[in-house]
Amino acid sequence: MNVRRIPSVRLSPTGRKAVSFALVGATAATVLTAMASPASALSWKCNTSSRSIDDRSYSGPAPDNIDIKVKNCVARSGSYVYAKATMSFDFPPTYAGGDIGNTMTGATMPLYVKRSDAGADTLLGTKTYNVRDDFQRMNGSGNGTFTTSTTKKKVGSGRFYTDSAIKINWVNDGKGYFHYGFEASGTR
């Protein structure tokens, strides 16, 4: 793309010369990219994994598996690590428009920031998101998405990564929350 800056000179209210530039030939996307937040300019490392999760609250003949895909991402800039994740889900269409409370009493998505260490990795922070309401807002086909906010953590030396899970408390099974893990982001 060919973007030219055309200087223009005008007098400021104090009588001094002020120079401004006009962007000619720039698209709106180019201008928006230039104004984007610092987190969007980071170099992200991401991994995506999927799981098909059985609805433990139902044992009938109709399809009841929920397909969930999670993309965990990490970035590093100086002494800060940034973490985020995106979940997309696909319930059977028969779930659309119904009350998700008949299936699960709770659903959360913890986002973990970890340091890769010899032996057990060190957990540096966790932010937990309530995704049950996001499941409730599925579209007419049973699909939807949720993206966490970007978490920023001050760190020292080492290699860091993002990990997440989906935890669901199924109705009528009496076993509390089930933990469904997904592939971590890779390290930065």
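This report describes the fold, strand pairing and side-chain packing of one predicted protein model.

**Overall composition and confidence**

The chain has 188 residues, of which 32% count as buried. Its secondary structure comprises 2 helices and 11 strands, and from the N terminus on these elements follow the order β-β-α-β-β-β-β-β-α-β-β-β-β. Among contacts between residues at least 6 apart in sequence, 63% join residues at least 24 apart.

The average pLDDT of the chain is 86, and 79% of the residues score at least 70. Residues 1–36 have a pLDDT below 50; in the model this stretch nevertheless has 37 contacts beyond near neighbours in sequence.

**Strand pairing**

Four strands form an open sheet in the order β7-β6-β10-β11, and their pairing is antiparallel. The edges of this sheet are β7 (122–130) and β11 (177–181), each of which pairs on one side only. From one strand to the next, the twist averages 25°. Within the sheet, β6 (residues 104–116) and β7 run antiparallel and are joined by 8 bridges. Leu111 stands opposite Lys127 in β7.

A further antiparallel pairing links β5 (residues 80–90) and β8 over 5 bridges. Here the bridge partner of Met87 is Phe146 in β8. Strand β8 (residues 143–147) presents two faces: Gly144 and Phe146 make up the covered one, while Asn143, Thr145 and Thr147 make up the uncovered one.

Thr148 follows in the loop between β8 and β9 (151–154). Its relative accessible area is 6%, and therefore Thr148 counts as buried, the cut-off being under 20%. Apart from neighbours within four places in sequence, the contacts of Thr148 are Lys84, Ala85, Met109, Leu111 and Tyr129. Leu111 thus appears in two settings: as the residue opposite Lys127 and as a contact of Thr148.

**Aromatic packing**

A pair of aromatic rings is described by the distance of the centres and the angle of the planes. The structure holds 6 aromatic pairs, and two of them are listed below.

| Pair | Centre-to-centre distance | Angle between planes | Arrangement |
|---|---|---|---|
| Phe89 and Phe91 | 5.7 Å | 90° | edge-to-face |
| Phe91 and Phe135 | 5.3 Å | 70° | edge-to-face |

Phe91 is found in the loop between β5 and β6, whereas Phe135 belongs to helix α2 (residues 132–136), so their pair ties together parts that are 44 residues apart in sequence. Both Phe91 and Phe135 are buried. The relative accessible area of Phe91 is 0%, and Phe89 is likewise buried, with a value of 3%. Together with Tyr95, the residues Phe89, Phe91 and Phe135 form one aromatic cluster.

**Charges over rings**

Lysine side chains also sit over aromatic rings in this model. The charged end of Lys84 is placed over the ring of Trp44, 4.2 Å from its centre. Lys84 is also one of the residues in contact with the buried Thr148. In the second case, Lys152 lies over the face of Tyr80, at 4.3 Å from the ring centre.

Definitions and conventions
Residues are numbered from 1 along each chain as its sequence is written. This is a predicted model: local features need pLDDT of at least 70, side-chain atom pairs count only at pLDDT 80 or more; totals for chains, interfaces and linings use all residues. Side-chain values use heavy atoms; hydrogens and water are left out. Two strands pair if DSSP finds at least two bridges between them. Axes are lines fitted to C-alpha atoms, for helices over the stretch in contact, and angles run from 0 to 180 degrees between N-to-C directions. Buried means under 20% relative accessible area, exposed over 50%, partly exposed in between (1.4 Å probe, protein chains only). Rings of Phe, Tyr and Trp (its six-membered ring) pair if their centres lie within 6.5 Å; planes under 30 degrees apart count as stacked, over 60 as edge-to-face and the rest as tilted. A charge sits over a ring if NZ of Lys or CZ of Arg is within 6 Å of the ring centre and within 35 degrees of the ring normal. pLDDT is the predictor's confidence in each residue, from 0 to 100. Contact means heavy atoms within 4.5 Å.
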